[in-house]
Amino acid sequence: MFGRCASALSVVFIETVEDVLGRWGAFVAAWRTDLFEDTAVRYANCVAERGAPHDKVVGVIVGTGIRVARPGGGWQRYMYSGHKGDYVMKFQSVVTPDGLLFHLYGPGEGRRHDRTMYNVSGMDNILSESLVIDGVQYSIYGEKSYTLRLWMQVAYTGELTVEQEEYNAAMNALRIVMEWGYKELKQVFASLDYKRKLKLRERLCGLVYQTGVLLWNVRCCLYGSQTSQYFKCNPPSLEQYLQL
C-alpha cells in the first residue's frame, strides 16, 4: 500500500511516536496545574451530583498496566504481576470525570505494588501542593492500598458499619465509571491490548502506551467519552488541552 518495506514503516512509526511525545508528552506526564485550577470546582460538582458521599472529590488514582509478551534476558521476575497473573508493564494515572487520563506515571515493573508506584512517582507532594485551590481542599479517591490524607480519600477497611459499607459502595461505583477510559483506550487503540506484539526488547512499549494515552485525551476533547457523558462533564477544548 505504501511502497515501503516493514522495517522502513517501523522506523517511520517510531520516529512519529518520538516526535509526538517530544512536542506534547509533558501534557500527560506532568501535573497540569494551569488546567486543573480552572476545572476543579466543576469536577467536584459533577462527581457529587452522581451521588459521591464526599463532595470535594475531583478524580481517582488508579494503578493499571498493559500485558506484554514474556520477556527474555532475565526480565521475567521483574515484569510478572502476581495480581494480574501475567507479564505486565505498569502505569499509574489520575482520571478525571471528563474522561481524561489526566496524569500518567510510568512505565514500571509489573511486580510493583500500586502504593510503591505512588511513592516513587512523588504524587504525595504533587497532590498536597496542587489540590488546595482558592483555600478549598480537594481530594482524589483511591483504593484501600493507599493511605488516607487530606488530599487522598480511601475506602474503609476492617469491620465496617453500615454507613461505611455504603460509603465504599458509592465511591467504588464512581471509581469504576472513571476507569471506563482504560477500556475505551484499548478499544480505540487495539494494539495496546495485543500482548504478542508488545515485546519489551523489540518495541518501545512504554512510549507507545504514552502516545496512546495522549491521543485518547485528544479524542476526548473532540468527541467526549462514556465517562464524560455519565458525569455530564465536558472535557476542555482541544485548544485548551494542547495550549494551541
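## Aromatic pairs

Rings of Phe, Tyr and Trp (its six-membered ring) count as a pair if their centres lie within 6.5 Å, with planes under 30 degrees apart taken as stacked, over 60 as edge-to-face and the rest as tilted. By this rule the structure holds 11 aromatic pairs. The model is predicted: local features need pLDDT of at least 70, side-chain atom pairs count only at pLDDT 80 or more, and totals for chains, interfaces and linings use all residues. Residues are numbered from 1 along each chain as its sequence is written, and side-chain values use heavy atoms, with hydrogens and water left out.

## The cluster around F36

Ring pairs join W31, F36, Y43 and F102 into a cluster. F36 and Y43 meet edge-to-face, at 5.9 Å centre to centre and 65° between the planes. F36 also pairs edge-to-face with F102, at 5.3 Å and 70°. Because F36 belongs to helix α3 (residues 33–49) and F102 to strand β4 (residues 101–109), this pair ties together parts that are 66 residues apart in sequence. Helices (H or I, at least four residues) and strands (E, at least two) are DSSP runs, numbered from the N terminus.

Both F36 and F102 are buried, that is, under 20% relative accessible area with a 1.4 Å probe and protein chains only. The relative accessibility of F36 is 1%, and that of Y43 is 0%, so Y43 also counts as buried.

## Charges over rings

A charge sits over a ring if NZ of Lys or CZ of Arg is within 6 Å of the ring centre and within 35 degrees of the ring normal. The charged end of R50 lies over the ring of Y230, 4.0 Å from its centre. For R77 over Y78, the distance is 5.1 Å.

Terms used:
Buried < 20%, exposed > 50% of the residue type's maximum accessible area, 1.4 Å probe, protein only.
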